[in-house]
Amino acid sequence: MAELLKIENITKKFGNLVANEDVSFTVNEHEIVSLIGPNGAGKTTLFNSISGYYPPTSGKVYFKGQDITGKPAYEICRLGITRTFQVVQTLKEMTVEENVMTGAFLHTRSRKQAQRDAAEILERTGLTEKKNIRGGSLTIIDKKRVEIARALATRPQLLMLDECMAGLNQTEIKDVMELCVRLKEEGLSLLVVEHIMEAIMPISDRIVVLNAGKKIAEGLPQEIVNNEEVIKAYLGDRYNAESK
Amino acid sequence: MIGQIIINGLLNGCVYALVAVGLSLTWGVMDIVNFAHGEFLLWGLYASFWIWALLGLDPLISMPIVIVLIFLLGVLTYLVVIKRVLKVSGLTALLATFGLSMVLKNLTQFFWTANYRNVTNTLVSNRSFKLLGMYIRQDYVVAAAGALIITLLVTLFLNRTKTGIAIKATSINKSAAQLVGIDTNRIYAITFGLSGACVGAAAALMASFTPIYPEACALYSTLAFVIVALGGFGNIKGALFAGLLVGVVEALGGYFIGTSFKYLVVFLLYLVVMQIRPRGLFGW
Amino acid sequence: MVVLKEYKMALVMLALFIGIPLAVNSTDVHNVIIYILIYAMVGEAWNLITGFAGQTSFGHAAYFGIGAYTSTVMLEYFHITPWIGMLAGGLIAVIVAFAVNFNMFKLKGHYFAIATLCVAEILKTIFSKWSWVGAGDGIALTPINALISGAPTSAWGKIAWLSLDVRNRLPFLFTTLAVFCVVFIVCAALERSKIGFYWKAIRESHEVAESIGINPRNYKLLAMCLSAFIAAIGGTFFAQFFKYIDAVTVFPLSVSMIFVLVTVLGGLGNVYGPIIGSVIYYSLDLLMRRMTGGASSGLNLIIFGALIVLVTCTEPRGIMGIVDRIRQSLAGRKKVGE
């Protein structure tokens, strides 16, 4: 499996606060990698550093072998990495279809082509029936779907999802899980920040655990649930007991 | 000579600052660009004038009355207009205040014509004293001192009283403020009133040396917008400092480049400063 | 055909704009219609940067004024037709807009808005002191045929149509209308295009825009430059119509605010907004002046201001919001009827 994204010794400081310290890992092609950790572990900060929202204090980010450290977010997207946001950001005054078309315009100037691309993605994400609804008046799950659909419309090779299951109910979580697996089968790689263990474990190929800004473990889901340090730092006694 | 110019600039700047502090309150707390702010000042001036003309009260003495009147004008503005457009996104609120400014400005013209009016022979007018070889006009000094005192009082009010702290809380996070039981509707009404009170005070202080006519406050309100942005939105200290800075820069520009270019220098100052600090001098 | 259907309203309006001036033979009415078209044109310009790209400008008088001055100076001093003058003015406005805003979009929201205001105020001061362009006295425009030999004078003459001489009132009106139509079509086409989508994405969320590959700065700059170009053309028409310009007629905040006013009144971020707002603004203005007997008392503006407050308090999306509501309730009734 070829290496797609490589994070090398990323450190990010805000003044005296160290949000990420010396974090390294890779994401390969056709792989779902999950980034987990307790609140304040620095997951979103790392996401922002990778996707170009602010430059890391030190360290490097490589995408397909190319150094992309500190490049602006829109350039990183054009190279093939698209992200979603923890707090959903639907384009409120635009319809679902227009939201997705905006993403599709990255690869075409033609409105018709963008419309065709959007239609296909709307179908894949189960939004076709809602395409004329304004972004602002959607339910949470649909807003999240739109956000993923819009990101997909930019045809990324690596999709970065920031807590896209938070606030959803069991069935909805299952929908998103299935969507993730389907996307992987279609050839995408995913880097997923997630809180909900039950959802993330079964679909992840590998898991990276952050705690207090540092990487404390990396491995297959099974290894992670049995890792003493991870259990202590994050999963707590409850999950430990359940897995036994 | 330079000292004289700087002193004049600082004295002028204090009054600018007071007008700007009033604007900063509504702009910072409620994110409402109040285009009628200059007209509040205008009504304050007319109130001072008529109290002086009809009752013979000096503007400095009638100041409390004017403050209360413009405070009420502010509260009324909130209750009748702002409240209805507050939740709407876009520029609707701005348009509403613009309409209001048209009403308020032209009402003065309708009632009292476009003629210039002056408050004369006040307690402080036509007197100056010498300090360190500089001539200093007494009315300017009194206005500047009054402006500083009122700005200080407003700051104390915001930091020390329960209502003041509630105003600050609301400006930081409206829904959180509601959750802890703050009646944000009441807070907004008070903020608008307070904003009015500031310009009411400024009007009373300026009345003895400002010609009063319907267009009298256009420049003051434009400068107030620039000053508030220069200082950083919702930042009282920023508005005060930026007001003084604008006063001095304007005076220096007037001396070195020419009177007609003094405001050009102020606007240039804004553009230059914002390149370095895009969120204002005291913004973060 | 689909496009025709979508812009049915535009066609109806176009018919009215052709029909009314022909039917009503009143200079007063013709003047109001010319005003409506000029301000709607600049309103469309302002709508690009503020309604679509979401960057509030309080300083569009800057580009309006540049257009007015450039074409006027070219006509008065060099005897060049305003048709070329307006393109030159547009070009200069674009250069100024580009230079001024190149680094300005790092200012967000109100900070940016105040910066645009400062730019217009600076230009106002410069032009009111610049003796070559008349300084405080401004420039009174000479009739075009006295400057450009061979320009036909008779109304309805062959090329009188194109001379941009306001003394031929109807031809001038229809020329303005034609240029407005071009502006409207360009703006409507932009809205439907990739550029329009990108502008709206930036308006709705800067972060999202960047995440899907949009460089916000470049697209805002594009909006600003296009907007400045159109505003400058509006300025040229204003100068030719008004026959006199000086710094305080074309550059002040009150002029910038008219563009804001007509657009927000009609509907921000809607191509119909500026024209509808402008129609309402100037027809009410005319009505009010007639009713209250002239502008000196200020009564017309009092009523007018109160109306603006009333509209904003009842329908935040402007007149287009009301139109939408009526349309929806009509559609609803139709459905019930079936």
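## Exercises on a predicted three-chain model

Thr84(A), Phe85(A), Gln86(A), Val88(A), Lys144(A), Glu147(A), Ile148(A), Asp162(A), Glu163(A) and Cys164(A) line the largest cavity. Keep in mind as you go that this model is predicted.

### Exercise 1: The largest cavity

Work out how much space lies in the largest cavity and which element gives the most to its lining.

**Solution.**
- Begin with the overall tally: the structure has three cavities of 30 Å³ or more.
- Next, take the largest cavity, which holds about 50 Å³ of space.
- Now look at who supplies the lining: α5(A) gives the most, with three residues.

### Exercise 2: A covered helix

Find out how many residues of helix α3 of chain A are buried, and what covers them.

**Solution.**
- Go to residues 96–104 of chain A, where helix α3 runs; eight of its nine residues are buried, so call this helix mostly covered.
- Name the buried ones: Val96(A), Glu97(A), Asn99(A), Val100(A), Met101(A), Thr102(A), Gly103(A) and Ala104(A).
- Then look for the cover. From chain A it includes α4 (111–124) and α5 (140–153), and chain C joins in with α9 (194–204).
- You've met α5(A) before: this helix also gives three residues to the lining of the largest cavity.

### Exercise 3: Two residues in helices

Decide whether Ser211(C) and Val266(B) are buried or exposed, and list what each one touches.

**Solution.**
- Start with Ser211(C), which sits in helix α10 (residues 206–211) of chain C.
- The relative accessible area of Ser211(C) is 4%. Buried means under 20%, so Ser211(C) counts as buried.
- Setting aside residues up to four places away in sequence, Ser211(C) touches Tyr53(A), Cys77(A), Thr82(A), Arg83(A) and Phe85(A). Phe85(A) also turned up in the lining of the largest cavity.
- Move on to Val266(B), in helix α11 (residues 262–276) of chain B. With a relative accessible area of 1%, Val266(B) is buried too.
- Again leaving out neighbours within four places in sequence, Val266(B) is in contact with Leu223(B), Val246(B), Val249(B) and Glu250(B).
- As an extra, try Gly247(B): 19 residues separate it from Val266(B) in sequence, and their C-alpha atoms are 8.7 Å apart.

### Exercise 4: A nonpolar patch

Identify the residues of the nonpolar patch on the surface and the element that gives the most to it.

**Solution.**
- Pick out the members: Met1(B), Ile2(B), Ile6(B), Leu10(B), Tyr255(B), Phe256(B) and Ile257(B), with about 700 Å² of accessible area together.
- The elements giving two or more residues to this patch are α1 (2–30) and α10 (236–256) of chain B. Of the elements, α1(B) gives the most, with three residues.
- Check one member: Phe256(B) belongs to helix α10 of chain B. Its relative accessible area is 55%, and exposed means over 50%, so Phe256(B) counts as exposed.

### Exercise 5: Chain C and its partners

Describe chain C, then say which pair of chains shares the most contacts.

**Solution.**
- Count the elements: chain C has 16 helices and two strands.
- Of the 338 residues in chain C, 59% are buried.
- Look at contacts in chain C with a separation of 6 or more: residues 24 or more positions apart account for 74% of them.
- Turn to the outside, where chain C exposes about 13,100 Å², with carbon and sulfur atoms supplying 68%.
- Finally, compare pairs: two pairs of chains are in contact, and chains B and C share the most contacts. Chains A and B don't touch, and their nearest C-alpha atoms are 11 Å apart.

Note on methods. Residues numbered from 1 in each chain as written. Chains lettered and ligands numbered in written order. Predicted model: local features only at pLDDT ≥ 70, side-chain atom pairs only at ≥ 80, totals over all residues. Heavy atoms only, no water. Patch = residues over 30% accessible without salt bridge, like charges linked within 9 Å, V, L, I, M, F, W, Y side chains within 5 Å. Areas by Shrake-Rupley, 256 points an atom, 1.4 Å probe, with all protein chains shown as cover. Salt bridge = Lys/Arg side-chain N within 4 Å of Asp/Glu carboxyl O. Helix = DSSP H or I, 4+ residues; strand = E, 2+ residues; numbered from the N terminus. Buried < 20%, exposed > 50% of the residue type's maximum accessible area, 1.4 Å probe, protein only. Contact = heavy atoms within 4.5 Å. 1 Å grid on protein atoms, 1.4 Å probe; cavity = no way out; pocket = protein on both sides within 12 Å on 5 of 7 lines; lining within 4 Å. Points joined across faces, edges and corners; volume = space filled by probe spheres on them.
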